[in-house]
Amino acid sequence: MTLIPEFLYGIIGHPLGHSLSPLLHNTAFQATGHPGVMLRWPVPPEGVADFMRTVRLLHVRGCCVTIPHKLAILPWLDEVSERVRAVGACNTLYWKDGALCGENTDVIGFMRPLEGRCLPSSALVLGAGGAARAVVAGLKMLGVADVAVSARRREALLTFCGDCGARPVPWEARGGEHAGLVVNTTPAGMRGAHQEETAYETAWFASRPAGIAYDVVYTPLETRFLREARACGWEGVDGLQMFLGQADCQFFLWTGKHLPEAAATAVRQALGV
């Protein structure tokens, strides 16, 4: 017997102070009349097992999954999509026919701002976490021929590139890559302790032909990475479009409806744009 009404949704991550997912989805629930509420659940890595047991006990209807849990939750799911299998990471939990399922909507969200563009033949991805897996998959689907990945931990980088079929670049050598598209998937620049950080130095942007700098971080909307890239003549793509695109897919999985404009408007207002 279900102990609580079936309207409970949430977001799991650590930390969670930056996330606007509760604002977006709660606005969408209200605007569409869907009986739902999304709560924040800051769960440290050692708490994932207990959290997943609680999801089943309380029959949580859906959940956003963010840093650093996109890989750790996989063993606790009944089913995962082909996209999750291909990417190796999950950012969305939902129920289907009594089974707790996992999906990755990050791939679709990442691709949306780049679809229809003439993209460079090479890309450099900074970071090797769950978001980076979605980015690499999206770049390959968009036809980018040479996808390089750079991360601080060498063993994790080599494992990541072996899994994803990308070219590994040592962290200390990332400035020597002449990619026309540079994507930041690290927490550098995120509001909070890392806000004044960047994973890519200004001098590297200035030393090569201008391309596209894409930051998956959306709080703040203009990170140091994007600000310095734009100052060097690069086109900047912020993480808001990716965030809204992946959230639209999540909301549809949970409700069968697309995000209403009111939800996107609430997020833009919160970001001051």
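# Exercises on strands, salt bridges and burial

Strands S8 and S9 run parallel and are joined by four bridges. The structure is a predicted model.

## Exercise 1: Around strand S8

Which strands pair with S8, S7 among them, and in what sense? Find the residues that stand opposite each other, then follow the chain.

**Solution.**

Step 1. Start with S9. Four bridges join this strand to S8, in parallel. Ala-148 stands opposite Arg-167 in S9.

Step 2. Turn to S7, residues 122–126. S7 and S8 also pair, in the parallel sense, over five bridges. Here Ser-122 stands opposite Asp-146 in S8.

Step 3. Trace the path from S7 to S8. The chain crosses through helix H5, residues 130–141, and this β-α-β crossover is right-handed.

Step 4. Trace the path onward. S8, helix H6 (residues 154–164) and S9 make a right-handed β-α-β unit.

Step 5. Check the cover. S8 spans residues 146–151, and five of its six residues are buried. One residue to look at is Ala-151, which has its place in S8. Its relative accessible area is 9%. The cut-off for buried is under 20%, so Ala-151 counts as buried.

Step 6. List what Ala-151 touches. Beyond residues up to four places away in sequence, its contacts are Gly-127, Ala-128, Leu-157, Val-169 and Trp-171. Leu-271 is 120 residues from Ala-151 along the chain, and their C-alpha atoms are separated by 29 Å.

## Exercise 2: Three salt bridges

How many salt bridges does a search of the whole structure find? Take the pairs Arg-56 with Asp-78, Asp-106 with Lys-70, and Arg-167 with Glu-177. Say where each partner lies, and whether it is buried or partly exposed.

**Solution.**

Step 1. The search finds 13 salt bridges. Side chains of opposite charge can pair when their charged atoms come close.

Step 2. Arg-56 and Asp-78 meet through their side chains, N to O, at 2.9 Å. Arg-56 lies in helix H2 (residues 48–58), and Asp-78 in the loop between strands S3 (62–65) and S4 (79–80), so the salt bridge ties together parts 22 residues apart in sequence. Arg-56 is partly exposed, at 34% relative accessibility. Asp-78 is partly exposed too, at 41%.

Step 3. Asp-106 and Lys-70 form a salt bridge of 2.7 Å, N to O. Asp-106 belongs to helix H4 (residues 106–111) and Lys-70 to the loop between S3 and S4, so parts 36 residues apart in sequence are tied together. Both Asp-106 and Lys-70 are buried.

Step 4. In the salt bridge of Arg-167 with Glu-177, the closest N and O atoms are 2.8 Å apart. Arg-167 is in strand S9 (residues 167–170), while Glu-177 is in the loop between S9 and strand S10 (181–184), ten residues apart. Arg-167 is partly exposed, at 32%. Glu-177 has 16% relative accessible area; the cut-off for buried is under 20%, so Glu-177 is buried.

Step 5. Look for a further partner. Asp-146, Arg-167 and Glu-177 are linked in a network of salt bridges.

## Exercise 3: A charge without a salt bridge

Why does Arg-174 have no salt bridge with Glu-201? Then describe what surrounds Arg-174.

**Solution.**

Step 1. Place the residue. Arg-174 lies in the loop between S9 and S10, and Arg-174 is buried.

Step 2. Find the nearest side chain of opposite charge. This is Glu-201, 5.1 Å away. A salt bridge needs the atoms within 4 Å, so this pair does not qualify.

Step 3. Look at the backbone. A polar atom of the Arg-174 side chain lies 2.6 Å from the backbone oxygen of Trp-171.

Step 4. List the contacts. Leaving aside neighbours within four places in sequence, Arg-174 meets Leu-124, Leu-126, Ser-150, Val-169, Ala-199, Tyr-200 and Trp-204.

## Exercise 4: A six-stranded sheet

In what order do the six strands of the open sheet stand, and which are the edge strands?

**Solution.**

Step 1. The order is S2-S1-S3-S5-S6-S4, with mixed pairing.

Step 2. The edge strands are S2 (37–42) and S4, since each pairs on one side only.

Step 3. Take one pair inside the order. S3 and S5 (residues 92–96) are antiparallel, with three bridges. Cys-63 has Leu-93 in S5 as its bridge partner.

Conventions: Residues are numbered from 1 along each chain as its sequence is written. This is a predicted model: local features need pLDDT of at least 70, side-chain atom pairs count only at pLDDT 80 or more; totals for chains, interfaces and linings use all residues. Side-chain values use heavy atoms; hydrogens and water are left out. Helices (H or I, at least four residues) and strands (E, at least two) are DSSP runs, numbered from the N terminus. Buried means under 20% relative accessible area, exposed over 50%, partly exposed in between (1.4 Å probe, protein chains only). Two strands pair if DSSP finds at least two bridges between them. A crossover is right-handed if, with the strands pointing away from the viewer, the path from the first strand over the helix to the second runs clockwise. Lys and Arg count as positive and Asp and Glu as negative; His and the chain ends are not counted. A polar contact is a pair of N or O atoms within 3.5 Å; within protein, one must be able to donate a hydrogen and the other to accept it, and residues adjacent in sequence count only if both atoms are side-chain atoms. Contact means heavy atoms within 4.5 Å.
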